[in-house]
Amino acid sequence: MKHSSWIIYLLIVFGIAQLLSSCQVMYMPNKQNVPLFKAANEIQVAIGPFDFQTAYSINKHLGVVANGQFQSFWGTKTGLKDTVSSEYSRSVTRMVEVGAGYYTILRDGLNFQAFGGFGYGKNRVEVDIQDQHSSQILDSYSIRANTTHFFIQPAVGFTTKPVDFALSCRVVFLNYFNFENRNYPLDQLYSNAFWEMDKNSYCFIEPALTMRFGTKNAKFHLQYIYSGLLGGAVLSYLPFRINFGLHVNLFVPNKK
């Protein structure tokens, strides 16, 4: 148990370090909703620093999910061209999605599920160039765009009273529109692969490991996601993410 606590602690620290060290990005994978239903009429809610999720099992095999992502992080570069200015950037994602799918109990505690759905979001990157000595803003620029995406997400896992464990793999098809450039330098548009991103389609494959620890109805959740961009299009995005928070079963029907 002591070793498990250290592993969880290191994973969380690694995830926070990933956020703090990240550059300007226009895509951050949201937490995957893996409810592992056991029966009809279950209601589940998961809350974390960047995500809010709900799930409901309509009957013994069908369920629906809804997710929200509200994430921001900052990056800093010092000693730019003139060595007296610094770059402060902020990447922001706001996204909601809904989905539905199928689940079944393969054997006691072992669950297979497959969900698919649709999402809509808003992304932006804001950059301030400041004087290191006076903190005076020397220049500001930003880009922003809306997104739509479709996803397919199969998963397999098991659930017990103290522990849930699942492996999932999501495929995301992403498009940008309403692209707006506010003085963002042309060379950085190219270097960050933001150039003409509203004219490209993007496909990501995202395997994830989900673990939950606690009681029957309330567990601490931890999820690690890797996101890989497929195809010829390129984009500046966040390839790794750690999610953590609280997962609660608001209503678990008694088995008859």
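**Notes on a predicted, strand-rich chain: rings, cavities and odd phi values**

1. Ring pairs join Tyr27, Phe204 and Tyr237 into a cluster. Keep in mind that this is a predicted model. In the cluster, phenylalanine 204 and tyrosine 237 make an edge-to-face aromatic pair, with 5.1 Å centre to centre and 75 degrees between the planes. Phenylalanine 204 sits in strand E8 (residues 201–214), while tyrosine 237 is in the loop between strand E10 (228–230) and strand E11 (240–251), so this pair ties together parts 33 residues apart in sequence.

2. How buried are these two partners? Phenylalanine 204 has 0% relative accessibility and counts as buried. Tyrosine 237 is buried too, but its relative accessible area is 19%, and the cut-off for buried is under 20%. I'd keep that in mind when reading the label for tyrosine 237, which rests on the 19% value.

3. The structure has 12 aromatic pairs. One of them is tyrosine 141 with tyrosine 184, again edge-to-face, at 5.2 Å centre to centre and 85 degrees between the planes. This pair links distant parts of the chain: tyrosine 141 belongs to strand E6 (residues 137–159), and tyrosine 184 to the loop between strand E7 (163–182) and helix H2 (186–191), 43 residues apart. Both ends are buried, tyrosine 141 at 6% relative accessibility and tyrosine 184 at 4%.

4. On to the overall layout. The protein chain comes to 2 helices and 11 strands, and reading along the sequence gives α-β-β-β-β-β-β-β-α-β-β-β-β. Of the contacts with a separation of 6 or more, 65% are between residues 24 or more positions apart. The two edge-to-face pairs above, at 33 residues and 43 residues apart, fit that description.

5. What share of the chain is buried? Of its 256 residues, 46% are. The chain exposes about 13000 Å², and carbon and sulfur atoms supply 64% of that area.

6. Now the empty space inside. There are 3 cavities of 30 Å³ or more, and the largest cavity holds about 110 Å³. Its lining has 15 residues, and those closest to the centre are Tyr27, Met28, Gln69, Met95 and His149. Tyr27 is worth a second look here, as it also belongs to the ring cluster with Phe204 and Tyr237. Strand E4 (85–107), strand E5 (110–131), E6 and E7 each give at least two residues to the lining of the largest cavity.

7. Which residues have a positive phi without being glycine? Two to check are alanine 193, with a phi of about 60 degrees, and glutamate 196, with a phi near 55 degrees. Alanine 193 is placed in the loop between H2 and E8, and glutamate 196 lies in the loop between H2 and E8 as well. Their surroundings are labelled differently, though: alanine 193 counts as buried at 15% relative accessibility, whereas glutamate 196 is partly exposed at 39%.

8. Last, the cysteines. The disulfide count is 0. Cysteine 169 is partly exposed, with 26% relative accessibility, and cysteine 203 is buried, at 18%. Both values sit on either side of the 20% cut-off, so I'd quote the percentages along with the labels for cysteine 169 and cysteine 203.

Definitions and conventions. Residues are numbered from 1 along each chain as its sequence is written. This is a predicted model: local features need pLDDT of at least 70, side-chain atom pairs count only at pLDDT 80 or more; totals for chains, interfaces and linings use all residues. Side-chain values use heavy atoms; hydrogens and water are left out. A disulfide is a pair of cysteine sulfur atoms within 2.5 Å. Buried means under 20% relative accessible area, exposed over 50%, partly exposed in between (1.4 Å probe, protein chains only). Rings of Phe, Tyr and Trp (its six-membered ring) pair if their centres lie within 6.5 Å; planes under 30 degrees apart count as stacked, over 60 as edge-to-face and the rest as tilted. Helices (H or I, at least four residues) and strands (E, at least two) are DSSP runs, numbered from the N terminus. Contact means heavy atoms within 4.5 Å. Accessible areas come from the Shrake-Rupley method with a 1.4 Å probe; for residues, only the protein chains shown count as cover. On a 1 Å grid over the protein atoms alone, a cavity is a set of points where a 1.4 Å probe fits but cannot get out, and a pocket is an open set with protein on both sides within 12 Å along at least five of seven lines; lining residues have an atom within 4 Å of a point. Grid points are joined across faces, edges and corners, and a volume is the space filled by probe spheres set on the points.
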